[in-house]
Amino acid sequence: MKKFFLAILAIGLLFGVQQSNAQDRYDHRTFGLGIMVGEPSGLSAKLWTSPTTAFDFGLGWSVRNDQVDNGIDAGDRTHFHMDYLWHSFDAFHSEERFPLYYGVGGSINSGGGFNSALAVRGVIGVAWMPMRTPIDVFLEVVPTFQLTATSGLYVDASLGARYYF
């Protein structure tokens, strides 16, 4: 299952790199790397594929104990997610850019009682993208439906920032 997930990631990166040349964001800076705090916490990356679409990646740890109801102490676990996002730059009228974004993706969790637990994610968030600085600051809420290990609906949320190279 991990090989399948890594293959999907590789295809997504190849597609994103080929499309990213059309992006005019931050003088052609299309790849951002930073941190996120919340559920999960860790590294955050974003790869713009067009002026309004991007891939979003996260690698970190998750402390939410989804399996405590089954008598299993799940503890900390490793979390990886990849989402495809659409951005609406017209949602808020301001001198700065505050795009509303939404998307869909997937995540995989391992460790802490999990054996490669897969989930489907829906993403909604807002970002602040200063006009003259190659950063973004974001806040997102992510309804997540866990498919394996145990199934259930959960809500993740993260606050983060990225620098664009």
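Here's a quick tour of a few strands, one buried arginine and a nonpolar surface patch. Keep in mind that this is a predicted model. Strand 7 (135-146) is a good place to start, since its side chains alternate between a buried face and one that is not buried. Its partner is strand 8, which runs over residues 152-164 and holds R162.

**Strands 7 and 8**
- These two strands pair up in the antiparallel sense, over twelve bridges.
- Across that pairing, Q146 sits opposite G152 of strand 8.
- On strand 7, one face carries D136, F138, E140, V142, T144 and Q146, and these are buried.
- The other face of strand 7 has I135, V137, L139, V141, P143 and F145, which are not buried.
- That fits a broader pattern: in a regular strand, side chains alternate between the two faces of the sheet.

**R162, tucked away in strand 8**
- R162 has a relative accessibility of just 3%, so it counts as buried.
- Its side chain makes a polar contact with the side chain of S44, at 2.7 Å.
- Beyond its neighbours within four places in sequence, R162 touches several other residues, including G32, K46, D56 and P134.
- D136 and F138, from the buried face of strand 7, are also among the contacts of R162.

**The nonpolar patch**
- A nonpolar patch on the surface has about 920 Å² of accessible area together, and its members include W86, Y102, V141, F145 and L153.
- Strand 5 (100-111), strand 6 (114-128), strand 7 and strand 8 each chip in at least two residues.
- Y102, from strand 5, has a relative accessible area of 42%, so it counts as partly exposed.
- V141 and F145 belong to the patch, and both point to the face of strand 7 that is not buried.

Conventions. Residues are numbered from 1 along each chain as its sequence is written. This is a predicted model: local features need pLDDT of at least 70, side-chain atom pairs count only at pLDDT 80 or more; totals for chains, interfaces and linings use all residues. Side-chain values use heavy atoms; hydrogens and water are left out. Helices (H or I, at least four residues) and strands (E, at least two) are DSSP runs, numbered from the N terminus. Buried means under 20% relative accessible area, exposed over 50%, partly exposed in between (1.4 Å probe, protein chains only). A polar contact is a pair of N or O atoms within 3.5 Å; within protein, one must be able to donate a hydrogen and the other to accept it, and residues adjacent in sequence count only if both atoms are side-chain atoms. Contact means heavy atoms within 4.5 Å. Patches are made of residues with over 30% relative accessible area and no salt bridge: like charges are joined within 9 Å, nonpolar side chains (Val, Leu, Ile, Met, Phe, Trp, Tyr) within 5 Å. Accessible areas come from the Shrake-Rupley method with a 1.4 Å probe; for residues, only the protein chains shown count as cover. A salt bridge is a side-chain nitrogen of Lys or Arg within 4 Å of a carboxyl oxygen of Asp or Glu. Two strands pair if DSSP finds at least two bridges between them.
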